[in-house]
Structure formats: structure tokens, C-alpha cells
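These are my notebook entries on helix packing, the chain interface and charged pairs. I set down each point as I looked it up.

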Amino acid sequence: MSGLTQLIRKDLRHHRRHFILASIGIVVGIAAFAFFLALGSGVRSVVLGEIFPLDKLEVIPRSTDVDLGPLRVGMGKDTLNDEAAKKLGEIEHVTGVYPKMKLTVPSIAAGGKELFGNAMRTEMVADGIDPKLVAEDIDSKYAFAYFDDREATKACKTDADCGETMLYCGDPLPAHAMTADGATAGEDEPAAEVADAPKGKVCRHYVPVIASNHLVEIYNGTIRRAHSLPKLNPNFVLGLKFDLRVGASMVRASKRKKVITERGRLVGFSDRAISLGLTLPLGYVSRYNVLFDDPNAAKTFHSIIVDVDAKDNVAGVAKGVEDAGFDVADSGAEQAAMLIAVFMMVFGFVSIVIVGIAAINIMHVFFMLIYERQREIGIMRAVGASRANIRTIILGEAAVVGALAGVVGVGLSMLAAYGFDLVSAKYIPDFPYKPDTYFEFSPLLLATSVGFAIGFCVLGAVLPARRAAKLDPAVVLTGQ
Amino acid sequence: MIRLSGVHKTYRTGQTSLEVLKGVDLEIGDGEFVSIIGRSGSGKTTLLNIIGGLDSDYTGKVEVEGRKLSEMSDRDLSRYRNRHIGFVFQSFHLLGHMTCLENVILPSLFNGGDGGLSEKQAQDRGLELLAQMDLADKAHARPIHLSGGQKQRIAIARALLHKPELLICDEPTGNLDRDSGDAILKLFSQLNERDGITLIIVTHDDIIAEAAARVVRIVEGNVVEDRRSEPNKNVDTSTSQREESA
């Protein structure tokens, strides 16, 4: 084989001009192929990795809503329980189930003066999730967990007295927040008095809160422009402290008689956090819902996040969820994935057509070369080359031409992608989820592109190689 | 031992056919020096191609050392050409993009790891042969820079690389001047006498044919004469009838 390799090397050098001309089509085709697939892959990872994470499904109770004029009336239960969580956990390819609970009490978040120049108040929408679900998204300086402060008694005067990042010096929880699980803090039901409740300030835990990257993108891309607010860098916002007033509302009719005031602290950003609102550890939301509404709220969830072992298995798990009697919340991910897949298929197909046409060009060039090299092939046959040797030489040359063309094509596509990113960074205004790069050149994509180039070149050379192998040495050498 | 019996060969072009060998019977023993002589179109080159395994489209039987060529696979036939035969052509048939040494060791590239010469052995053998041909200084030159005689000696060196038992030469002096032609014929005589190589030379020239100990004459596809005589070791090709260069 090393002898044939030497011959291939010499032939490539000798006929390099022909081969360079022949490979131009392959270079262009592979460049287009790699460019579009990398673009599709990059867009896919932004859309499905950040905007609509697709390795998780949100399971909700099966909808039995009925439209009555402008209203939609729910006819069945709209909550899930532990039994549902267990059932979902048994579906194949599900690696974890994480209950999610909506805060059903009106509440207000207020603060941010150090960030925005003025304190801001907003009606708060919040979800509670299992802290395990977002463990990897939490900054190591902070903690995202449920802290039960009902027995906090360490007296303090300033935050420094408390010592820890997640502790602050504040008023003890009010009496109406001290009721046992299952009791409510309604208007007509005074909270129980706690005999040994501290009178001064005590060290209390911040309520840890996370926000979604989507929220930051929406703020930076849209809200800040409308209100002339500064652009936020997520890294600098971490640790932000603000007030949480559970039971309060800017809508007069909604607010409750009693309010629990807590201090919240932003401890991380996660794609698993609620898109528009704040996300708290499940324990807090459960406690607030029990205190203000339903004693049974601690055991019921509004949705359950189902972790799937691989993106490819999402469809199968979704089917399993439906078979189990639940629905999958429509996040738009499937449509987005479908659109991207169609985009990639169309451009991938166009690129393959280009490479295919280039392969026909390769075939013509090889036919021409073989015609020119008849005598050379005859000599090789006379000195001992078998038909298989001749075929190997021609196909080997095609493979090398394909590999080189593939590498050049991939290089060109990476260069074009780099240029595209530069233009985007400089001339395209920021928009939500604007990525640093639109392209994802995975090792698999690079290998596939070069493999395609080799494959198509070899394919183009198959017929010429067969013809070369069939050349009659007696005819080409002696003219007989 | 090469044995041909009842060998027929017909060329067909569309509706027309031309029978160039009409039942040739011939035996050539090991170490013989044979000239096959005949006019252009008599079938002598076709006969040579068949013996050399370059042409397998014939009827009849061709045996080399007891093995029928027609029953050999392409791989075996290629190996036979590679290891047991050396070809020398009128037009030299050297590869212009390779150096002289690369041309000489070309057959070693098709060893297929089958007990042939290693790269180093081939290089050494190639240089040795070039030295024998007085062309050691041309090892790295391209054939285009050589004279006709030098090119033919490079072609002979290539044919001798694997120390073949049989050397097949088709009009080997046809493109050479007198001195070069004489030198080549002397070289053939030496190879035959010193190394015991079986030599078959095809020529249309009676004078050149006299260099061989046996002369086989072919006329219109039939062997009409097969005589043995004392070879003329001082053939003067200046008196021979030259054919136009191919």
C-alpha cells in the first residue's frame, strides 16, 4: 500500500492544476454545506438551549377548559400531586421529576434603588421549584434553598452581626406568619400569638430568588429602552437585595388583610426559572400558599418538570406523558425545532446538490485525466499493477482531492462565519438573545463535511477508475 | 519453459474481423535467446503481448512453467508480469514526471507487500542497475534530459529490477541510432549468457534477428520458419532496415 501511496502523491503533484480546477466545485459546495449547517446548529442551540430548553418538558394537568364567551372555564382539577409525580418518574427516559408550584397569593417586589437610581415596585409573579433543578445555575457565593425562619432568635443590630451572605438583620416574622402549616392567615382569623417571639431585630435568611435569562434579555432588549434605564450585566446584578411583600398588591381588590414582608436576594439566573417573574425555592411558595389560601396547597403542584435523558427522546417521553393522562405545556419549542430542522434541511439539500454537481465535474475531470494518462496506466499494468491497483490509485487520488477540498471548504465556511459574526456585532443592533456567534462548528460537523467531500469525490471517480482499470495495456502500449 | 499451442487471435472492429495469429505452436526453453521476426502486421507483437500476459483475449493454450496463463486471475497475471517478466518497448515507455531511479523502481511499488523488495532494497537495486547501465549519474534526472540509448537502458534497468527469468523486447532498437542499438544488443547478449535470462526479441529486421541463437519467422499469423544458428555477436545495426519511430 505504501508503494501506491507514493504513486498517488507523485500523480497528485504532477496533475495538480487539473485537480485544483476539479476541486473548486467541491470547495464551494462543502463551504456552503458547513456554513448553513453550522448556522442552523448555532441558531438551534440558542433557540432550544436558551429560549426553549428542550431537554425538559413541563407537564400540566389535562385541560378540560370550556370557552364561555370571553371566558374560559376550567371544568376539572388544575393541580398535580405526589402520585402524578411518581407516575411521571416511571416513564422511560425520564431521569428526574421536579414539582413546580405557582404563588397563588398577590405579592409585590420593591427595591433596586442602587441599580436603577429609584426604588421600583412591581406586582410579582412567582413560581416555586425544587432547588435541585437549578443547583448548577446558582452562584457559589449564594444558596438557593428553603430556610425556615420561624424560629430565628439570634439578636442583631446590623447585617454584619449576622455574618453570612444569606443572612440579614431584620424584624422577626410577624405573628400571622408563624402559624403552623395548614392554617390560614385570612382576614377573620387572627394569627396565633407566639409566646417567646423576640421583640428586637433578629438574623433572618434572605428569600433566595432566581430569574430567567429570558427576563434579562427582555429587559435589555426592550424595557430599558422604553424607560431609559441602564443595561444590565447579569454578573453585576447577582446579589441584588429587595423587599418581598407577600399578600400585598397594587390592585386594591386583590390585596390581603395581612402581609408578610421578607427580604429577597437574587442568587442566580437559570433557563429553568419562570420566563416572566421570579422563581423561589418550592418551600417558600408552598408555605405562602398554605398560609394565605388552602391548607392542602403544600401537596398539590401546578406543573411538574420532567427531565429527559436526551433531546432525541423528548418526543417519546411527551407521548408517554399524554398516555399517562397529562398534557405537555406548549413552550413553542417543538415549532421552533421544526422550523430550524426545515431550515437546515433546505439549505443542507441545496449544499448537497452543489456538492453533487461538483462530483459530476470531478467525474469529467477524471475521465479526461485517464484519457491523457492511458500510456502511464498501460506502463503500470505492464510492470505489474493489477486492475485493483489502478482502481485504488484513481480512487485514492480522488479521496485526497476530496479531503483537501473538504478542509479548504470548511476553512472557508469558518472564515465566512467569522466575517458574518463581525458584521453582526458591529452593525446589527442588540436584540433579545443576540448571540456572540450564530454558528456552531462541532467536531462532528467538521468531520461530516470533510467526509462528504471525500465521499462525493470518490463517488465521482468510481466510473473513471473502473474505466482505467479496464484499459487494455496491450492496446495502449503497442497499439495492437 | 514457455509453450504455445494452437494460439489464435482475432481483432474485431464492428462487422470486420482480422485474424492475426492462426494457430501458433511454439516452445521456448529456459535461457534461450529468440528473435521473432516478421513484417509489420504479421502478428509478432501480438504474440509477444500474449506471452507477456498483456493480452489475454485469445484462444489456444499458453503455458509458462506449466501454468496456463488463461486460467490465471488478473492478480496472478499481474504478479507474473511483476516478478517473472521484464518488458522493453520500442518507445521506452518511461514516466516523464518521475526521475530515472523512480522509473527503475516502479515495479517495486506493486509488490503489494507480497515478499517483494522493500523500499530500501528497491532503491539499492535500482542504483545498482543504473550503475550497470553506466547511468549512475542520471539517477535523479528526468527521462526528458536523456538520449534515446540512455532512455532504453533505463527501460532495461526497470525490466531487470526483479531479476526476471524472461525479458520480452518489442523492437528494442527501433528508435535508436546505430551505436546505441549495437550497445543494447550487446547488453542483451550479456544478460542472456551471463545471467541466463530467457530473451525474446521482436523485430522486423533480419540483421538484428541474427543476434539471437534462434530465429522464428512469422508470416500472416503463421510460424513459417524456426531455425537455430550461431548468434552473431557483432551485429552492425547500421546495415539494418529501420522502421519509423513510433
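Entry 1. Interface of the two chains.
How much area do chain A and chain B bury between them, and what share of it is on carbon and sulfur atoms? I note beforehand that the model is predicted. I find about 2,400 Å² buried between chain A and chain B, with 62% of it on carbon and sulfur atoms. I then looked up the residues in contact: 27 of chain A touch 26 of chain B. I also looked for salt bridges across this interface and found 3. I recorded the pair of A:Lys10 and B:Glu102, a salt bridge in which the closest N and O atoms are 2.8 Å apart.

Entry 2. Salt bridges in general.
I took the count over all chains, which comes to 30 salt bridges. I next examined a pair within chain A, A:Glu262 and A:Arg287, whose closest N and O atoms are 3.7 Å apart. I placed A:Glu262 in strand E12 (residues 260–269) and A:Arg287 in helix H7 (residues 282–292) of chain A, so this salt bridge ties together parts 25 residues apart in sequence.

Entry 3. H11(A) against H12(A).
I turned to helix H12 (residues 443–470) of chain A, whose axis comes within 7 Å of that of H11(A), with a crossing angle of roughly 150°. I therefore record H11(A) and H12(A) as roughly antiparallel, since the angle is over 145 degrees. The crossing of H11(A) past H12(A) is right-handed. I sorted the residues of this contact by class and obtained 21 nonpolar, 3 polar and 3 charged.

Entry 4. H1(A) against H11(A).
How are helix H1 (residues 2–14) of chain A and H11(A) packed, in angle and in distance between axes? I read an angle of about 55° and axes 9 Å apart. I therefore enter H1(A) and H11(A) as oblique to each other. H1(A) passes H11(A) in a right-handed crossing. On the side of H1(A), I list A:Leu4, A:Leu7, A:Ile8, A:Asp11 and A:Leu12 as making the contact. On the side of H11(A), I list A:Asn389, A:Thr392, A:Ile393, A:Gly396, A:Glu397, A:Val400 and A:Val401. By class, the contact of H1(A) with H11(A) has 7 nonpolar, 3 polar and 2 charged residues.

Entry 5. H10(A) against H11(A).
I looked up helix H10 (residues 374–382) and helix H11 (residues 387–427) of chain A, which pack at about 135° with axes 10 Å apart. That angle makes H10(A) oblique to H11(A). I note a right-handed crossing for H10(A) past H11(A). From H10(A), the contact takes in A:Ile377, A:Met380 and A:Arg381; from H11(A), it takes in A:Arg387, A:Ile390 and A:Ile393. I count these residues of the contact of H10(A) with H11(A) as 4 nonpolar, no polar and 2 charged.

Methods. Residues numbered from 1 in each chain as written. Chains lettered and ligands numbered in written order. Predicted model: local features only at pLDDT ≥ 70, side-chain atom pairs only at ≥ 80, totals over all residues. Heavy atoms only, no water. Axes fitted to C-alpha atoms, helices over the stretch in contact; angles between N-to-C directions. Helix = DSSP H or I, 4+ residues; strand = E, 2+ residues; numbered from the N terminus. Parallel < 35°, antiparallel > 145°, perpendicular 65-115°, else oblique. Left-handed = near helix turned anticlockwise from the far one by under 90°. Contact = heavy atoms within 4.5 Å. Nonpolar A, V, L, I, M, F, W, Y, C, P; charged D, E, K, R; others polar. Buried area = accessible area lost by both parts, 1.4 Å probe. Salt bridge = Lys/Arg side-chain N within 4 Å of Asp/Glu carboxyl O.
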